[in-house]
Amino acid sequence: MERKNKDSRGNINEWSKNNTVFVISILITIFIVVYGIINSKGFENISSSIYLFLQNHFSWFYLLITFCLVIFCVYIGFSKFGNIKLGPDDCEPEYNTITWFAMLFCAGMGVGLVFWSIAEPLAHYIQPIDGIDPMSQEAIHFSIKSCFMHWGVHPWSLYAIVGLGLAYFQYNKNKPALISCLFEPIIGKNKMGKTIGNAIDIFTIVLTVIGVATSLGMACIQICQGLNYIFGINVNVKLWIMMIVVIAIIYIYTAVSGLDKGMKYLSNANLILAVSLLIIAFCVGPIQSTLNSIVNGIGEYISGFVIDSLKINPYGDNTWIYTWRVFYWAWWITWAPFTGVFIARISKGRTIREFIMGVILVPSIACMVWFGVFGNLALNVVNLFDAQTLIDMVATPETALYFIFNEYPAGTILSIIAVIVLVIFFITSANSAIFVLSMMSSKGELNPSNYRKILWGIILALFAIILLLTGGLNAIKNISVAASFPFLFILAAICYSLQKVLKADLKLKEKGKSIDKK
(Lines give C-alpha, C1' and ligand atoms only; values in the text may rest on other atoms or scores of the structure.)
Protein backbone atom coordinates (compact mmCIF):
# COMPACT_ATOMS: atom_id res chain seq x y z
CA MET A 1 0.00 0.00 0.00
CA GLU A 2 2.78 2.42 0.88
CA ARG A 3 4.55 1.73 -2.38
CA LYS A 4 1.38 2.41 -4.32
CA ASN A 5 0.97 5.77 -2.63
CA LYS A 6 4.59 6.61 -3.29
CA ASP A 7 4.26 5.75 -6.97
CA SER A 8 1.09 7.79 -7.18
CA ARG A 9 2.88 10.71 -5.56
CA GLY A 10 5.67 10.39 -8.11
CA ASN A 11 3.20 10.42 -10.99
CA ILE A 12 1.57 13.49 -9.52
CA ASN A 13 4.88 15.34 -9.32
CA GLU A 14 5.75 14.30 -12.85
CA TRP A 15 2.39 15.34 -14.23
CA SER A 16 2.31 18.67 -12.35
CA LYS A 17 5.22 19.95 -14.43
CA ASN A 18 2.73 20.39 -17.27
CA ASN A 19 -0.56 20.92 -15.48
CA THR A 20 -3.40 21.92 -17.80
CA VAL A 21 -5.77 22.56 -14.89
CA PHE A 22 -3.25 24.86 -13.23
CA VAL A 23 -2.54 26.88 -16.39
CA ILE A 24 -6.18 27.33 -17.44
CA SER A 25 -7.44 28.17 -13.94
CA ILE A 26 -4.65 30.72 -13.51
CA LEU A 27 -5.48 32.31 -16.88
CA ILE A 28 -9.21 32.52 -16.06
CA THR A 29 -8.66 34.10 -12.63
CA ILE A 30 -6.06 36.52 -14.01
CA PHE A 31 -8.48 37.47 -16.79
CA ILE A 32 -11.23 38.19 -14.22
CA VAL A 33 -8.82 40.27 -12.13
CA VAL A 34 -7.53 42.25 -15.12
CA TYR A 35 -11.07 42.79 -16.46
CA GLY A 36 -12.14 43.99 -13.02
CA ILE A 37 -9.30 46.50 -12.98
CA ILE A 38 -9.84 47.76 -16.53
CA ASN A 39 -13.64 47.78 -16.51
CA SER A 40 -14.84 47.73 -12.89
CA LYS A 41 -18.29 49.04 -13.87
CA GLY A 42 -18.74 46.32 -16.47
CA PHE A 43 -17.64 43.68 -13.96
CA GLU A 44 -20.23 44.95 -11.48
CA ASN A 45 -23.00 45.04 -14.12
CA ILE A 46 -22.34 41.48 -15.32
CA SER A 47 -22.29 39.99 -11.81
CA SER A 48 -25.40 41.97 -10.90
CA SER A 49 -27.31 40.77 -13.99
CA ILE A 50 -26.47 37.11 -13.32
CA TYR A 51 -27.40 37.56 -9.67
CA LEU A 52 -30.82 39.00 -10.52
CA PHE A 53 -31.55 36.26 -13.06
CA LEU A 54 -30.71 33.46 -10.61
CA GLN A 55 -32.55 35.22 -7.79
CA ASN A 56 -35.74 35.54 -9.81
CA HIS A 57 -35.72 32.10 -11.40
CA PHE A 58 -33.77 29.67 -9.23
CA SER A 59 -34.12 30.70 -5.58
CA TRP A 60 -36.41 27.68 -5.05
CA PHE A 61 -33.68 25.43 -6.43
CA TYR A 62 -31.10 26.70 -3.92
CA LEU A 63 -33.51 26.00 -1.05
CA LEU A 64 -34.52 22.54 -2.28
CA ILE A 65 -31.04 21.20 -3.09
CA THR A 66 -29.47 22.56 0.10
CA PHE A 67 -32.18 20.91 2.20
CA CYS A 68 -31.73 17.60 0.37
CA LEU A 69 -27.98 17.75 1.01
CA VAL A 70 -28.63 18.09 4.75
CA ILE A 71 -30.87 14.99 4.64
CA PHE A 72 -28.15 13.09 2.78
CA CYS A 73 -25.60 13.88 5.50
CA VAL A 74 -27.95 12.55 8.19
CA TYR A 75 -28.53 9.42 6.13
CA ILE A 76 -24.85 8.72 5.40
CA GLY A 77 -23.74 9.41 8.97
CA PHE A 78 -26.27 7.24 10.75
CA SER A 79 -26.64 4.43 8.22
CA LYS A 80 -24.56 1.26 8.01
CA PHE A 81 -21.82 3.35 6.36
CA GLY A 82 -21.22 5.30 9.57
CA ASN A 83 -18.73 2.80 11.02
CA ILE A 84 -16.40 2.96 8.01
CA LYS A 85 -13.08 4.58 8.85
CA LEU A 86 -11.51 7.22 6.61
CA GLY A 87 -8.25 5.42 5.90
CA PRO A 88 -6.91 2.00 6.89
CA ASP A 89 -8.68 0.29 9.80
CA ASP A 90 -5.62 0.67 12.03
CA CYS A 91 -4.88 4.37 11.34
CA GLU A 92 -5.27 7.01 14.04
CA PRO A 93 -6.31 10.69 13.66
CA GLU A 94 -3.42 12.99 12.78
CA TYR A 95 -4.70 15.80 15.04
CA ASN A 96 -6.29 15.59 18.47
CA THR A 97 -9.99 16.43 18.70
CA ILE A 98 -9.59 19.97 20.07
CA THR A 99 -7.05 20.95 17.41
CA TRP A 100 -9.25 19.31 14.76
CA PHE A 101 -12.26 21.38 15.85
CA ALA A 102 -10.15 24.55 15.95
CA MET A 103 -8.74 24.03 12.46
CA LEU A 104 -12.04 23.17 10.77
CA PHE A 105 -13.86 25.96 12.62
CA CYS A 106 -11.33 28.63 11.58
CA ALA A 107 -11.29 27.36 8.00
CA GLY A 108 -15.06 26.84 7.78
CA MET A 109 -16.48 30.10 9.15
CA GLY A 110 -13.67 32.60 9.34
CA VAL A 111 -14.29 36.31 9.13
CA GLY A 112 -18.02 36.07 8.42
CA LEU A 113 -18.69 34.94 11.98
CA VAL A 114 -17.38 38.25 13.35
CA PHE A 115 -18.59 40.39 10.45
CA TRP A 116 -22.26 39.38 10.79
CA SER A 117 -22.36 38.69 14.55
CA ILE A 118 -24.03 42.03 15.34
CA ALA A 119 -25.20 43.28 11.94
CA GLU A 120 -27.31 40.26 11.00
CA PRO A 121 -29.43 40.05 14.18
CA LEU A 122 -30.06 43.80 13.89
CA ALA A 123 -31.00 43.48 10.22
CA HIS A 124 -33.58 40.75 10.89
CA TYR A 125 -35.00 42.79 13.78
CA ILE A 126 -35.37 45.95 11.70
CA GLN A 127 -36.38 44.36 8.39
CA PRO A 128 -37.78 40.85 9.07
CA ILE A 129 -39.47 38.58 6.58
CA ASP A 130 -42.81 39.63 5.11
CA GLY A 131 -45.60 39.06 7.64
CA ILE A 132 -43.64 40.00 10.78
CA ASP A 133 -43.81 43.53 12.21
CA PRO A 134 -40.40 45.26 12.26
CA MET A 135 -38.87 45.95 15.70
CA SER A 136 -41.47 43.79 17.46
CA GLN A 137 -41.11 40.99 20.00
CA GLU A 138 -41.84 38.54 17.21
CA ALA A 139 -39.03 40.12 15.17
CA ILE A 140 -36.59 39.43 18.03
CA HIS A 141 -37.46 35.72 18.01
CA PHE A 142 -37.30 35.64 14.22
CA SER A 143 -33.89 37.34 14.28
CA ILE A 144 -32.20 34.77 16.51
CA LYS A 145 -33.85 31.80 14.79
CA SER A 146 -32.76 33.07 11.35
CA CYS A 147 -29.15 33.47 12.48
CA PHE A 148 -29.21 29.89 13.78
CA MET A 149 -30.57 28.71 10.44
CA HIS A 150 -27.95 30.55 8.39
CA TRP A 151 -24.99 29.47 10.51
CA GLY A 152 -26.16 26.06 11.64
CA VAL A 153 -26.55 22.67 10.03
CA HIS A 154 -26.98 23.77 6.41
CA PRO A 155 -23.55 25.31 5.70
CA TRP A 156 -21.69 22.63 7.62
CA SER A 157 -23.56 19.92 5.69
CA LEU A 158 -22.33 21.45 2.43
CA TYR A 159 -18.78 21.33 3.77
CA ALA A 160 -19.24 17.78 5.07
CA ILE A 161 -20.38 16.40 1.72
CA VAL A 162 -17.32 17.68 -0.13
CA GLY A 163 -14.97 16.85 2.74
CA LEU A 164 -16.32 13.32 3.24
CA GLY A 165 -16.21 12.51 -0.46
CA LEU A 166 -12.64 13.72 -0.80
CA ALA A 167 -11.48 12.05 2.42
CA TYR A 168 -12.95 8.67 1.43
CA PHE A 169 -11.61 8.71 -2.12
CA GLN A 170 -8.25 10.01 -0.90
CA TYR A 171 -7.63 7.70 2.05
CA ASN A 172 -9.66 4.62 1.09
CA LYS A 173 -9.37 4.63 -2.71
CA ASN A 174 -5.86 6.17 -3.05
CA LYS A 175 -7.09 9.03 -5.24
CA PRO A 176 -5.70 12.58 -5.37
CA ALA A 177 -7.48 15.34 -3.43
CA LEU A 178 -9.49 16.54 -6.43
CA ILE A 179 -13.22 17.10 -6.88
CA SER A 180 -13.00 15.44 -10.29
CA CYS A 181 -11.91 12.14 -8.69
CA LEU A 182 -15.32 11.93 -7.01
CA PHE A 183 -16.88 11.69 -10.47
CA GLU A 184 -14.91 8.67 -11.70
CA PRO A 185 -17.69 6.23 -10.73
CA ILE A 186 -20.03 8.30 -12.93
CA ILE A 187 -17.92 9.57 -15.87
CA GLY A 188 -15.18 6.92 -15.91
CA LYS A 189 -11.50 7.32 -16.70
CA ASN A 190 -11.70 7.56 -20.50
CA LYS A 191 -10.66 10.57 -22.55
CA MET A 192 -14.08 12.21 -22.27
CA GLY A 193 -14.13 11.56 -18.53
CA LYS A 194 -10.71 13.17 -18.15
CA THR A 195 -11.84 16.25 -20.10
CA ILE A 196 -14.97 16.61 -17.96
CA GLY A 197 -12.88 16.04 -14.84
CA ASN A 198 -10.44 18.79 -15.80
CA ALA A 199 -13.35 21.16 -16.43
CA ILE A 200 -14.76 20.35 -12.97
CA ASP A 201 -11.39 21.00 -11.31
CA ILE A 202 -10.91 24.28 -13.17
CA PHE A 203 -14.35 25.51 -12.20
CA THR A 204 -13.80 24.42 -8.59
CA ILE A 205 -10.54 26.36 -8.39
CA VAL A 206 -12.09 29.54 -9.82
CA LEU A 207 -15.10 29.17 -7.49
CA THR A 208 -12.76 28.79 -4.52
CA VAL A 209 -10.90 31.97 -5.44
CA ILE A 210 -14.19 33.87 -5.67
CA GLY A 211 -15.58 32.46 -2.41
CA VAL A 212 -12.50 33.16 -0.33
CA ALA A 213 -11.83 36.56 -1.91
CA THR A 214 -15.36 37.70 -0.97
CA SER A 215 -14.69 36.90 2.69
CA LEU A 216 -11.29 38.56 2.61
CA GLY A 217 -12.90 41.69 1.19
CA MET A 218 -15.45 41.69 4.02
CA ALA A 219 -12.71 41.20 6.61
CA CYS A 220 -10.67 44.06 5.21
CA ILE A 221 -13.63 46.45 5.40
CA GLN A 222 -14.40 45.58 9.02
CA ILE A 223 -10.76 45.59 10.18
CA CYS A 224 -10.30 49.07 8.72
CA GLN A 225 -13.50 50.28 10.38
CA GLY A 226 -12.18 48.89 13.66
CA LEU A 227 -8.94 50.82 13.25
CA ASN A 228 -11.02 53.91 12.56
CA TYR A 229 -13.10 53.35 15.70
CA ILE A 230 -10.16 52.56 18.01
CA PHE A 231 -7.42 54.81 16.64
CA GLY A 232 -9.27 57.33 14.47
CA ILE A 233 -7.55 56.21 11.24
CA ASN A 234 -9.36 57.44 8.13
CA VAL A 235 -10.87 54.65 6.04
CA ASN A 236 -10.26 54.91 2.30
CA VAL A 237 -9.22 52.80 -0.69
CA LYS A 238 -5.53 53.25 0.11
CA LEU A 239 -6.06 51.82 3.61
CA TRP A 240 -7.98 48.86 2.17
CA ILE A 241 -5.19 48.05 -0.27
CA MET A 242 -2.48 48.54 2.34
CA MET A 243 -4.31 46.25 4.78
CA ILE A 244 -4.75 43.48 2.22
CA VAL A 245 -1.10 43.70 1.12
CA VAL A 246 0.24 43.51 4.70
CA ILE A 247 -1.99 40.58 5.65
CA ALA A 248 -1.26 38.86 2.33
CA ILE A 249 2.45 38.87 3.18
CA ILE A 250 1.63 37.26 6.54
CA TYR A 251 -0.72 34.57 5.22
CA ILE A 252 1.62 33.65 2.37
CA TYR A 253 4.49 33.31 4.85
CA THR A 254 2.45 31.10 7.18
CA ALA A 255 1.24 28.97 4.25
CA VAL A 256 4.82 28.44 3.09
CA SER A 257 5.72 27.45 6.69
CA GLY A 258 3.39 24.45 6.37
CA LEU A 259 0.21 23.12 7.96
CA ASP A 260 1.77 21.88 11.18
CA LYS A 261 3.62 25.11 11.92
CA GLY A 262 1.55 27.99 10.54
CA MET A 263 -2.08 26.88 10.36
CA LYS A 264 -2.09 24.68 13.47
CA TYR A 265 -0.74 27.35 15.85
CA LEU A 266 -2.79 30.18 14.32
CA SER A 267 -6.00 28.12 14.56
CA ASN A 268 -5.39 27.30 18.22
CA ALA A 269 -4.52 30.94 19.00
CA ASN A 270 -7.62 32.18 17.20
CA LEU A 271 -9.85 29.71 18.99
CA ILE A 272 -8.57 31.01 22.34
CA LEU A 273 -9.12 34.64 21.30
CA ALA A 274 -12.56 33.94 19.83
CA VAL A 275 -13.65 32.13 22.99
CA SER A 276 -12.27 35.01 25.09
CA LEU A 277 -14.27 37.49 23.01
CA LEU A 278 -17.37 35.34 23.43
CA ILE A 279 -16.95 35.01 27.21
CA ILE A 280 -16.39 38.75 27.74
CA ALA A 281 -19.39 39.59 25.57
CA PHE A 282 -21.52 37.10 27.50
CA CYS A 283 -20.42 38.49 30.87
CA VAL A 284 -21.01 42.17 30.02
CA GLY A 285 -24.28 41.46 28.23
CA PRO A 286 -27.72 40.48 29.53
CA ILE A 287 -26.81 37.02 30.86
CA GLN A 288 -30.27 35.74 31.75
CA SER A 289 -31.99 36.88 28.55
CA THR A 290 -29.05 35.55 26.51
CA LEU A 291 -29.40 32.07 27.99
CA ASN A 292 -33.18 32.19 27.50
CA SER A 293 -32.73 33.36 23.93
CA ILE A 294 -30.26 30.61 23.03
CA VAL A 295 -32.51 27.86 24.42
CA ASN A 296 -35.64 29.37 22.83
CA GLY A 297 -33.83 29.94 19.54
CA ILE A 298 -32.65 26.33 19.37
CA GLY A 299 -36.21 25.16 20.06
CA GLU A 300 -37.69 27.35 17.33
CA TYR A 301 -34.87 26.40 14.95
CA ILE A 302 -35.50 22.67 15.43
CA SER A 303 -39.31 22.88 15.38
CA GLY A 304 -39.39 24.96 12.21
CA PHE A 305 -36.41 23.35 10.48
CA VAL A 306 -38.21 21.79 7.51
CA ILE A 307 -40.63 24.70 6.96
CA ASP A 308 -37.90 27.34 7.19
CA SER A 309 -35.53 25.34 4.96
CA LEU A 310 -38.08 25.34 2.12
CA LYS A 311 -39.89 28.62 2.86
CA ILE A 312 -40.52 30.75 -0.22
CA ASN A 313 -43.72 32.66 -1.06
CA PRO A 314 -45.30 31.61 -4.40
CA TYR A 315 -47.02 34.97 -4.93
CA GLY A 316 -45.92 37.41 -2.21
CA ASP A 317 -42.77 39.31 -1.42
CA ASN A 318 -39.59 37.19 -1.28
CA THR A 319 -37.11 40.04 -0.88
CA TRP A 320 -35.90 38.77 2.49
CA ILE A 321 -35.46 35.22 1.16
CA TYR A 322 -33.44 36.51 -1.80
CA THR A 323 -31.34 38.92 0.26
CA TRP A 324 -30.49 36.59 3.10
CA ARG A 325 -31.22 32.89 2.69
CA VAL A 326 -30.33 32.48 -0.97
CA PHE A 327 -27.27 34.69 -0.53
CA TYR A 328 -26.09 32.62 2.43
CA TRP A 329 -26.60 29.27 0.69
CA ALA A 330 -24.72 30.62 -2.33
CA TRP A 331 -21.93 31.99 -0.17
CA TRP A 332 -21.49 28.68 1.67
CA ILE A 333 -21.44 26.85 -1.66
CA THR A 334 -18.56 29.02 -2.88
CA TRP A 335 -16.70 28.05 0.31
CA ALA A 336 -17.56 24.34 0.10
CA PRO A 337 -14.76 23.21 -2.27
CA PHE A 338 -11.85 24.74 -0.38
CA THR A 339 -13.27 24.03 3.08
CA GLY A 340 -14.13 20.48 2.06
CA VAL A 341 -10.63 19.84 0.73
CA PHE A 342 -9.09 21.26 3.89
CA ILE A 343 -11.39 19.31 6.23
CA ALA A 344 -10.60 16.11 4.31
CA ARG A 345 -6.89 16.85 4.66
CA ILE A 346 -7.10 16.96 8.48
CA SER A 347 -9.66 14.17 9.05
CA LYS A 348 -7.83 10.94 8.27
CA GLY A 349 -8.42 8.22 10.86
CA ARG A 350 -11.97 9.20 11.84
CA THR A 351 -15.10 7.16 11.13
CA ILE A 352 -17.75 8.54 8.80
CA ARG A 353 -20.16 8.93 11.73
CA GLU A 354 -17.52 10.73 13.79
CA PHE A 355 -16.71 12.92 10.79
CA ILE A 356 -20.36 13.87 10.17
CA MET A 357 -21.06 14.63 13.83
CA GLY A 358 -17.78 16.49 14.31
CA VAL A 359 -18.03 18.59 11.14
CA ILE A 360 -21.76 19.38 11.39
CA LEU A 361 -23.04 19.16 14.96
CA VAL A 362 -20.25 20.69 17.07
CA PRO A 363 -19.54 23.76 14.87
CA SER A 364 -23.29 24.35 14.42
CA ILE A 365 -23.81 24.49 18.18
CA ALA A 366 -20.80 26.78 18.54
CA CYS A 367 -22.22 29.15 15.91
CA MET A 368 -25.61 29.19 17.64
CA VAL A 369 -24.02 30.09 20.96
CA TRP A 370 -21.99 32.80 19.20
CA PHE A 371 -25.03 34.44 17.59
CA GLY A 372 -27.10 33.95 20.71
CA VAL A 373 -24.54 35.94 22.73
CA PHE A 374 -23.77 38.68 20.22
CA GLY A 375 -27.33 38.88 18.92
CA ASN A 376 -28.63 39.57 22.42
CA LEU A 377 -25.77 41.99 23.03
CA ALA A 378 -27.21 44.02 20.13
CA LEU A 379 -30.92 43.50 20.76
CA ASN A 380 -30.51 44.45 24.42
CA VAL A 381 -29.57 48.05 23.54
CA VAL A 382 -31.73 48.74 20.46
CA ASN A 383 -33.94 51.02 22.54
CA LEU A 384 -30.95 53.39 22.94
CA PHE A 385 -31.00 54.20 19.21
CA ASP A 386 -33.65 55.78 17.04
CA ALA A 387 -34.98 53.87 14.04
CA GLN A 388 -32.87 55.76 11.48
CA THR A 389 -29.63 55.08 13.36
CA LEU A 390 -30.44 51.36 13.47
CA ILE A 391 -31.20 51.39 9.76
CA ASP A 392 -27.86 53.13 9.10
CA MET A 393 -26.06 50.46 11.16
CA VAL A 394 -27.60 47.69 9.08
CA ALA A 395 -26.75 49.56 5.87
CA THR A 396 -23.08 49.57 6.93
CA PRO A 397 -22.73 46.16 8.66
CA GLU A 398 -18.96 46.52 9.00
CA THR A 399 -19.46 49.32 11.57
CA ALA A 400 -22.43 47.92 13.54
CA LEU A 401 -20.18 45.75 15.70
CA TYR A 402 -18.25 48.73 17.09
CA PHE A 403 -21.35 50.91 17.64
CA ILE A 404 -22.96 48.20 19.76
CA PHE A 405 -19.76 47.42 21.68
CA ASN A 406 -19.50 51.11 22.53
CA GLU A 407 -22.68 50.83 24.62
CA TYR A 408 -21.02 48.43 27.07
CA PRO A 409 -18.38 48.99 29.79
CA ALA A 410 -15.80 46.73 28.11
CA GLY A 411 -16.59 48.07 24.65
CA THR A 412 -13.05 49.13 23.74
CA ILE A 413 -11.58 45.82 24.90
CA LEU A 414 -14.20 43.93 22.87
CA SER A 415 -13.39 46.03 19.79
CA ILE A 416 -9.64 45.45 20.09
CA ILE A 417 -10.07 41.68 20.51
CA ALA A 418 -12.55 41.63 17.61
CA VAL A 419 -10.03 43.32 15.30
CA ILE A 420 -7.30 40.84 16.30
CA VAL A 421 -9.68 37.90 15.78
CA LEU A 422 -10.63 39.30 12.37
CA VAL A 423 -6.99 39.61 11.36
CA ILE A 424 -6.20 36.03 12.40
CA PHE A 425 -9.40 34.73 10.77
CA PHE A 426 -8.30 36.61 7.65
CA ILE A 427 -4.91 34.91 7.78
CA THR A 428 -6.19 31.39 8.59
CA SER A 429 -8.92 31.50 5.92
CA ALA A 430 -6.49 32.72 3.25
CA ASN A 431 -3.82 30.34 4.51
CA SER A 432 -6.17 27.36 4.16
CA ALA A 433 -7.36 28.59 0.79
CA ILE A 434 -3.98 28.97 -0.88
CA PHE A 435 -2.90 25.59 0.50
CA VAL A 436 -6.04 24.01 -0.99
CA LEU A 437 -5.78 25.93 -4.28
CA SER A 438 -2.19 24.74 -4.60
CA MET A 439 -3.27 21.16 -3.95
CA MET A 440 -6.11 21.28 -6.48
CA SER A 441 -3.92 22.88 -9.14
CA SER A 442 -1.13 20.31 -8.56
CA LYS A 443 -3.22 17.23 -9.38
CA GLY A 444 -4.05 16.72 -5.71
CA GLU A 445 -0.50 16.89 -4.36
CA LEU A 446 -0.77 16.83 -0.55
CA ASN A 447 2.36 18.95 -0.15
CA PRO A 448 2.25 21.44 -3.05
CA SER A 449 5.17 23.61 -4.02
CA ASN A 450 5.74 26.95 -2.32
CA TYR A 451 5.76 28.89 -5.57
CA ARG A 452 2.15 27.85 -6.20
CA LYS A 453 1.16 28.92 -2.70
CA ILE A 454 2.78 32.31 -3.28
CA LEU A 455 1.10 32.72 -6.67
CA TRP A 456 -2.37 31.85 -5.37
CA GLY A 457 -1.84 34.08 -2.35
CA ILE A 458 -1.13 37.04 -4.62
CA ILE A 459 -4.15 36.27 -6.82
CA LEU A 460 -6.47 36.07 -3.79
CA ALA A 461 -5.25 39.45 -2.57
CA LEU A 462 -5.77 41.03 -6.00
CA PHE A 463 -9.25 39.52 -6.31
CA ALA A 464 -10.25 40.87 -2.89
CA ILE A 465 -9.05 44.33 -3.93
CA ILE A 466 -11.09 44.12 -7.16
CA LEU A 467 -14.26 43.26 -5.23
CA LEU A 468 -13.72 46.24 -2.92
CA LEU A 469 -13.15 48.58 -5.85
CA THR A 470 -16.22 47.36 -7.77
CA GLY A 471 -18.93 47.88 -5.19
CA GLY A 472 -17.94 46.52 -1.82
CA LEU A 473 -20.50 44.30 -0.11
CA ASN A 474 -23.01 44.39 -3.00
CA ALA A 475 -20.39 43.14 -5.43
CA ILE A 476 -19.48 40.40 -2.94
CA LYS A 477 -23.12 39.25 -2.73
CA ASN A 478 -23.61 39.32 -6.49
CA ILE A 479 -20.48 37.40 -7.39
CA SER A 480 -21.14 34.75 -4.71
CA VAL A 481 -24.60 33.88 -6.02
CA ALA A 482 -23.52 34.08 -9.68
CA ALA A 483 -20.57 31.74 -9.21
CA SER A 484 -22.22 29.19 -6.94
CA PHE A 485 -25.10 27.98 -9.12
CA PRO A 486 -23.26 25.35 -11.23
CA PHE A 487 -21.72 23.83 -8.10
CA LEU A 488 -25.19 22.85 -6.85
CA PHE A 489 -25.22 20.17 -9.56
CA ILE A 490 -21.70 19.07 -8.64
CA LEU A 491 -22.74 18.66 -4.98
CA ALA A 492 -25.74 16.53 -5.98
CA ALA A 493 -23.50 14.36 -8.19
CA ILE A 494 -20.99 13.94 -5.34
CA CYS A 495 -23.76 12.51 -3.15
CA TYR A 496 -24.73 9.98 -5.80
CA SER A 497 -21.13 8.97 -6.49
CA LEU A 498 -20.19 8.65 -2.82
CA GLN A 499 -23.24 6.55 -1.98
CA LYS A 500 -22.56 4.31 -4.98
CA VAL A 501 -18.93 3.67 -4.01
CA LEU A 502 -19.68 3.16 -0.30
CA LYS A 503 -22.39 0.65 -1.12
CA ALA A 504 -20.12 -1.31 -3.47
CA ASP A 505 -17.16 -1.29 -1.07
CA LEU A 506 -19.27 -2.35 1.90
CA LYS A 507 -20.73 -5.22 -0.11
CA LEU A 508 -17.21 -6.39 -1.02
CA LYS A 509 -16.11 -6.10 2.61
CA GLU A 510 -19.09 -8.11 3.85
CA LYS A 511 -18.48 -10.72 1.15
CA GLY A 512 -14.84 -10.98 2.24
CA LYS A 513 -15.83 -11.50 5.87
CA SER A 514 -18.29 -14.17 4.82
CA ILE A 515 -15.55 -16.02 2.92
CA ASP A 516 -13.17 -15.76 5.89
CA LYS A 517 -15.75 -17.32 8.22
CA LYS A 518 -16.16 -20.26 5.88
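In helix 17, the residues P397, E398, T399, A400, L401, Y402, I404 and F405 are buried in this predicted model. Because eight of the nine residues of this helix, which covers residues 397–405, are buried, helix 17 is largely enclosed by the rest of the structure.

The surrounding fold is built from helices, for the secondary structure of the protein chain comes to 20 helices and zero strands. The radius of gyration of the chain is 22 Å, close to the 24 Å that the globule rule gives for 518 residues, so the chain is as compact as a globular protein of that length. Along the principal axes, the C-alpha trace spans about 75 × 50 × 45 Å. Of the 518 residues in the chain, 60% count as buried, and about 20600 Å² is exposed, with carbon and sulfur atoms supplying 64% of that area. Among the contacts with a sequence separation of 6 or more, 85% are between residues 24 or more positions apart.

The largest nonpolar core has 186 residues, and those with the most contacts inside this core are Y62, W116, L122, Y251 and F426. When residues up to four places away in sequence are not counted, F426 touches V111, L216, A219, C220, I223, I244, I247 and Y251. Y251 therefore appears twice in this picture, being listed with F426 among the residues with the most contacts inside the core and also being touched by F426.

Aromatic side chains form a further theme, since a search of the whole structure finds 34 aromatic pairs. One of them joins W331 and W332 in a stacked arrangement, with 5.0 Å centre to centre and 20° between the planes. Both of these tryptophans are buried, and both belong to one aromatic cluster that also includes F115, W116, W151, W156, Y159, W324, F327, Y328 and F371. W116 links the two themes, as this residue is a member of the aromatic cluster and is also listed among the residues with the most contacts inside the largest nonpolar core.

A polar residue deserves separate attention. N376 is found in helix 15, which comprises residues 352–379, and this asparagine is buried, with a relative accessible area of 8%. The side chains of N376 and S293 are joined by a polar contact of 2.9 Å. Leaving aside residues up to four places away in sequence, N376 touches I144, P286, S289, T290, S293, F371 and Y408. F371, one of these neighbours, is a member of the aromatic cluster described above.

Backbone geometry offers a last point of comparison. Most residues other than glycine have a negative phi. The table sets out two residues with a positive value.

| Residue | Phi | Loop | Relative accessible area |
|---|---|---|---|
| M135 | near 55° | between helix 5 (111–126) and helix 6 (137–151) | 33%, partly exposed |
| N174 | near 55° | between helix 7 (153–171) and helix 8 (184–187) | 19%, buried |

Which of the two classes, buried or partly exposed, applies to N174? N174 is buried because its relative accessible area of 19% falls under the 20% cut-off. M135, by contrast, is partly exposed, with a relative accessible area of 33%, and this methionine has its place in the loop between helix 5 and helix 6.

Methods:
Residues are numbered from 1 along each chain as its sequence is written. This is a predicted model: local features need pLDDT of at least 70, side-chain atom pairs count only at pLDDT 80 or more; totals for chains, interfaces and linings use all residues. Side-chain values use heavy atoms; hydrogens and water are left out. Helices (H or I, at least four residues) and strands (E, at least two) are DSSP runs, numbered from the N terminus. Buried means under 20% relative accessible area, exposed over 50%, partly exposed in between (1.4 Å probe, protein chains only). A nonpolar core is a set of buried Ala, Val, Leu, Ile, Met, Phe, Trp, Tyr and Cys residues joined through side-chain atoms within 4.5 Å. Contact means heavy atoms within 4.5 Å. A polar contact is a pair of N or O atoms within 3.5 Å; within protein, one must be able to donate a hydrogen and the other to accept it, and residues adjacent in sequence count only if both atoms are side-chain atoms. The radius of gyration is taken over C-alpha atoms; the globule rule is 2.2 Å times the number of residues to the power 0.38. Accessible areas come from the Shrake-Rupley method with a 1.4 Å probe; for residues, only the protein chains shown count as cover. Rings of Phe, Tyr and Trp (its six-membered ring) pair if their centres lie within 6.5 Å; planes under 30 degrees apart count as stacked, over 60 as edge-to-face and the rest as tilted.
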